[in-house]
Amino acid sequence: MMITNHLKSTLIYRTMCTRLHILILLLGALTIAGCHARNEISLFDGKKLGHWAITDFAGQGDVYVKDGSIFLEKGDYMTGITWTGPLVRMNYEISLEAMRVSGTDFFCGLTFPVGDRPCTLILGGWGGDLCGLSSIDSFDASENETTRFISFKNDRWYHVLLRVRDDRIEAWLDNQQIVNFITTDRDIDIRIEVVPSQPLGIATWRTTGAIRNIKLRRL
């Protein structure tokens, strides 16, 4: 009987330890998720432009909010929005969803700060497939080592994640990394056409695009 009771006590002890271990893991996961959530803020509520101002491009198309998205209608050249709210310039992530509604050029030109310098992530430019950073050492997205060609479909949402650190710019498209660029001793700048987008803006080129779920997270 003593052996049986000992075994029962051992099993009860092990069960309690296992449950306690699981509880600690769950609490740890919730803590990490809570910290992540506190560091992340929404830059668009899906209802109104808020701190986004319509960028003053010559010949821009209409900009409006519909069905939880910001639509940038095709213009003579560029159509866009520029952020006028509080800004983070280094060690941050921006995530959003972008869609090309119609057209054959870039549906998301995301201009962003890298410290005190601006840069632009191009998605779908130069005929519809080109992606990359513009500009690096005076070479735009079609001429530097970040150049990528990706086939985009109209009316499909793409998840975009941009990360800016002290020495690196990274970008992902639908969880596939498309940019991993070391910025040390490199000249970062933008093309003259997107100057009105800085320090943080999103634009299209002769293309109708839509943007939603814009979020920023401090790293």
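Ile182 is located in strand S13, which spans residues 176-182. The model described here is predicted, and within it Ile182 is partly exposed, with a relative accessible area of 43%. Ile182 makes contact with Asp167 and Arg168 when its neighbours within four places in sequence are left aside. Ile169 is 13 residues from Ile182 in sequence, and the C-alpha atoms of the two residues are 6.5 Å apart in space.

The confidence of the prediction was considered next. The mean pLDDT of the protein is 89, and 83% of its residues reach 70 or more. Over residues 22-33, by contrast, the pLDDT is below 50. Beyond near neighbours in sequence, the stretch 22-33 has zero contacts in the model.

Strand pairing was then examined, beginning with the open sheet. Strands of a sheet pair through backbone hydrogen bonds, in either a parallel or an antiparallel arrangement. The open sheet comprises seven strands in the order S2-S5-S14-S7-S8-S9-S10, and its pairing is antiparallel. Strand S2 (52-54) and strand S10 (148-149) form the edges of this sheet, each pairing on one side only. Within the order of the sheet, S7 is followed by S8. Strand S7 covers residues 108-114 and strand S8 covers residues 117-125; the two run antiparallel and are joined by seven bridges. One position of this pairing involves two prolines, as Pro113 has Pro118 in S8 for its bridge partner.

Strand S6 was analysed separately. It occupies residues 92-102, and nine of its eleven residues are buried, so S6 is largely enclosed by the rest of the structure. S6 pairs in the antiparallel sense with strand S11 (residues 157-165) over eight bridges. S6 also pairs with S15, again in the antiparallel sense, over nine bridges. Individual bridge partners can be named for both pairings. Met99 is matched with Trp157 in S11, and Ile94 is matched with Leu216 in S15.

Trp157 appears again in the surroundings of Ser69, a residue of strand S4 (residues 69-72). Ser69 is buried, because its relative accessible area is 2%, below the limit of 20% that applies to buried residues. Residues up to four places away in sequence not being counted, Ser69 touches Phe44, Tyr64, Trp157, Ile211 and Arg212.

Open spaces in the model were also characterised. Rolling a probe the size of a water molecule over the atoms shows where empty space is left. The largest pocket contains about 200 Å³ of space. Its lining consists of Met78, Asp105, Phe106, Thr120, Ile122, Trp126, Ser134, Arg191, Glu193, Val194 and Trp205. By class, this lining comprises six nonpolar, two polar and three charged residues.

The second largest pocket has a volume of about 150 Å³. Asn39, Ile41, Ser42, Leu43, Trp83, Pro86, Leu87, Val88, Leu200, Leu216 and Arg218 line this pocket. Eight of these residues are nonpolar, two are polar and one is charged. At least two residues of the lining are supplied by each of strand S1 (40-42) and strand S15 (208-218). Leu216 therefore links two parts of this description, being both the bridge partner of Ile94 and a lining residue of the second largest pocket.

How values were computed
Residues are numbered from 1 along each chain as its sequence is written. This is a predicted model: local features need pLDDT of at least 70, side-chain atom pairs count only at pLDDT 80 or more; totals for chains, interfaces and linings use all residues. Side-chain values use heavy atoms; hydrogens and water are left out. On a 1 Å grid over the protein atoms alone, a cavity is a set of points where a 1.4 Å probe fits but cannot get out, and a pocket is an open set with protein on both sides within 12 Å along at least five of seven lines; lining residues have an atom within 4 Å of a point. Grid points are joined across faces, edges and corners, and a volume is the space filled by probe spheres set on the points. Ala, Val, Leu, Ile, Met, Phe, Trp, Tyr, Cys and Pro count as nonpolar, Asp, Glu, Lys and Arg as charged, and the others, Gly among them, as polar. Helices (H or I, at least four residues) and strands (E, at least two) are DSSP runs, numbered from the N terminus. Buried means under 20% relative accessible area, exposed over 50%, partly exposed in between (1.4 Å probe, protein chains only). Two strands pair if DSSP finds at least two bridges between them. Contact means heavy atoms within 4.5 Å. pLDDT is the predictor's confidence in each residue, from 0 to 100.
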